[in-house]
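Okay, thanks for coming, everyone. I'll take a few minutes to walk through this structure, so get it up on your screens.

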Amino acid sequence: MAKHSTAFPVGLYGALLLALCALTIPAPFAPVERALLGGAALVGRFVAGLVGTPVAANTTPAAAAAQRVAALHARLDRHGAAGAPAGLVARFDPAPCTVVVVGGRGGGGGEPCELRLDRTYAELADCLPIVTQGDRYLGHVPQPGGPGAQDDALGDFARVLLANHPLARSVHADVEVDAAARLRVVVGPASAADPAPLRVDLWDDPYQAARLDRAFLPVRTRDVPGSASAAPGGFRVGTTRIWGYPRTERSEALTLGVYVTPDALPQALSHVVVWRQRGAEASGPERRRAPTTRPGIAHALPGAAHGRCLLVADENLADGAAVLQDGRLLGVAKGLAGGAALLTGFGASRQPWNLILLPDDPAAAPVELHGAVVHSTGERVWVRCRARATTQATIGPGQLFTGSNGPACPPGLWIGAAAADPGDFDQIVVESPAPAGACAVHWCEAEGLP
Amino acid sequence: MIRWVWWFLIAPQAHLLAGLWRDLGLPGFDMGVVWCLFLAFFAQRTATPWLLLGAALSRALVDESSLPVQALVLGIPVAVLLPLRTFFFGQRWLWLTLAAAGCAVALPRLSAWFGAWFAQPSASAQTDVATVLWTAALAAPLLALLRRLPPCRGFEDAT
């Protein structure tokens, strides 16, 4: 009977409840976790200290990596505004911006609906409020303190309300039904439960709209004089999705709703363009610079086939800090107390990554991807990517870089050579060596970012 | 007090030692399963939450997910198995082998579920058949050994 009375493990259930609380409200528990893991890593640090200090990194591979990064930035600049309407290009200059954070809940189609740029509202004061990428319209920058940015001040990093944000402005657009026919529509944000991020709210020809029997029709913004539409004409908004009944032998197609799927996947966005008045001086510091890095030593932990290392540094690392070896991304670190961190190699990580593929074809535009590592063997890593249909086909051999993965993992860090997986076109194969032994590394600071 | 110092000094290194074992070319096994079985069938009930913390720290050193996820992944099998201690008390080799096989399958599944729910995916969510089989084979003898060594010996339930 004594055993029966103690069979109900109250303490254990309490511990599990506490763990659930820590996952639901992580902020108060994070310092405790850092301290506990930092303490647990002390034995490893002691053993690592006995191993000694590795030699400094070779400079040649780092210089080669820097050249690749420069090539990426040059290509991003070249393609950032390619395809934009000529009328806009004649009066405004494109100003490339980097996305720091992708977020926002309640966006149309259940997708993220906000970006944070690496420039403040004040720096963008003389710019058009629209945000684009190539020939795509993405969204607009709200007024600080206004709808969608009530808590923002002029000195804060600018927020972008994507076109699927509940407070996004609707745009006038044309659905290109065929070479000659256009269906004039007003496109606005869909609800979170809708099957696509954007929804056609109004059309000028309901009869034609009700008989749309094909999806994937291109949708472009349209100039309407005197209109409050957010976007100038000529930008691509996306492609249509039809919600309704298909044509049958006995009845015509019946359209109940027309949705629009943007070409750009919000989670994959890392570089966007704002439009500055021609001749206006850019204010603020030059943002696109090499990230600030600090030195450290990574010691591969036993069983590091999983790509796990103990990183010893002089300062505390931010969670998610990128770690580089010879200019190449090794992985991301989880900061611990006492200047230590646990590094997970790129091949061992299973977190979602925002990535940029720079095709070897010099005429091809960089491809922004959102993916996660699914498998790795030795130096080869398989990444399952998610992209819109329009970009999926463009994945070719090239060099893979990080996109925007948080304040401490900036875009443009070289990962390795990549090519489409011939067995699965949704995957790419990346050459990314796993960390081994003890090696000198550099980790990125989350300096000056939100 | 001394036994707790030993526990929090040695237990968090267990997964690293298991990794060292694999690096030596020996068959890999899931150390988390061994901790689950020890906590469920042999450890003092009152000490279980703190012992679980040490085991979760051990797994968090080698796995990408956070400490609370590790506590849930290891703690849920313990919470399920612990009431069965009334019937399966002691070193019952066949029962421990079966329970180890079950835990070796359950732990990656739990890692995958919690990883998906709390956006903390990790490589440990993948089930490896060889690891399941070797864990089932090695868990019972390892438990027999661990129960005789500090720090586990100090926490064994005498009832």
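**Chain B, its partner, and two spots in chain A**

Let's begin with contacts inside chain B. If you take pairs of residues at least 6 apart in sequence, 74% of the contacts join residues at least 24 apart. One caution before I go on: this is a predicted model.

So what is chain B built from? Seven helices and zero strands. Reading from the N terminus, the order is α-α-α-α-α-α-α, which is easy to remember. For overall dimensions, the C-alpha trace spans about 40 × 35 × 30 Å along its principal axes. Is that a compact chain? What we can compare is the radius of gyration: a compact globule of 159 residues would come out near 15 Å, and chain B has 14 Å, so the two agree. As for burial, 52% of the 159 residues in chain B count as buried.

Now zoom in on one helix pair. In chain B, helix H2, residues 14-23, packs on helix H4, residues 48-62, with the axes 7 Å apart and an angle of about 50 degrees between them. That makes H2(B) and H4(B) oblique to each other. Which residues meet there? From H2(B) you have Ala14(B), His15(B), Leu16(B) and Gly19(B), and across from them in H4(B) are Ser58(B), Arg59(B), Leu61(B) and Val62(B). By class, that contact between H2(B) and H4(B) has four nonpolar residues, three polar and one charged.

Okay, on to the interface. Here 37 residues of chain B are in contact with 33 residues of chain A. On the chain B side, the elements giving two or more residues are H2, H4 and helix H5, which is 67-81. Which of these gives the largest share? That's H5(B), with nine residues. Sorted by class, the chain B side has 24 nonpolar residues, nine polar and four charged.

Let's cross over to chain A and look at helix H3, residues 26-40. At 1.5 Å a residue, its 15 residues should span 21 Å, and the end C-alpha atoms are 20 Å apart, so that agrees. Among the residues of H3(A), Arg34(A), Leu36(A), Leu37(A) and Ala40(A) are buried. And what do the buried residues of H3(A) pack against? Strand S16 of chain A, 328-335, together with H4 and H5 of chain B.

Two more stops in chain A. The first is Ile356(A), which you'll find in strand S18, residues 352-359. Ile356(A) has 25 other C-beta atoms within 10 Å, so it is buried. Setting aside residues up to four places away in sequence, Ile356(A) touches Leu72(A), Ser270(A), Pro366(A), Glu368(A), Phe401(A), Gly403(A) and Pro411(A). Also, Ile356(A) and Val100(A) sit 14 Å apart, C-alpha to C-alpha, with their positions 256 residues apart in sequence.

The other stop is Tyr259(A), in strand S11, residues 254-261. Buried or exposed? Tyr259(A) counts as buried, because it has 22 C-beta neighbours inside 10 Å. Ignoring neighbours within four places in sequence, its contacts are Ala190(A), Asp194(A), Pro195(A), Ala196(A), Leu198(A), Arg199(A), Arg241(A) and Trp243(A). Tyr259(A) and Asp201(A) are 58 residues apart in sequence and 9.0 Å apart in space, C-alpha to C-alpha.

That's my tour; let's take questions.

Notes:
Residues numbered from 1 in each chain as written. Chains lettered and ligands numbered in written order. Predicted model: local features only at pLDDT ≥ 70, side-chain atom pairs only at ≥ 80, totals over all residues. Helix = DSSP H or I, 4+ residues; strand = E, 2+ residues; numbered from the N terminus. Rg over C-alpha atoms; globule rule 2.2 N^0.38 Å. Buried ≥ 20, exposed ≤ 12 C-beta atoms within 10 Å, placed from the backbone. Contact = placed C-beta atoms within 7 Å. Axes fitted to C-alpha atoms, helices over the stretch in contact; angles between N-to-C directions. Parallel < 35°, antiparallel > 145°, perpendicular 65-115°, else oblique. Nonpolar A, V, L, I, M, F, W, Y, C, P; charged D, E, K, R; others polar. Expected span 1.5 Å × (residues − 1).
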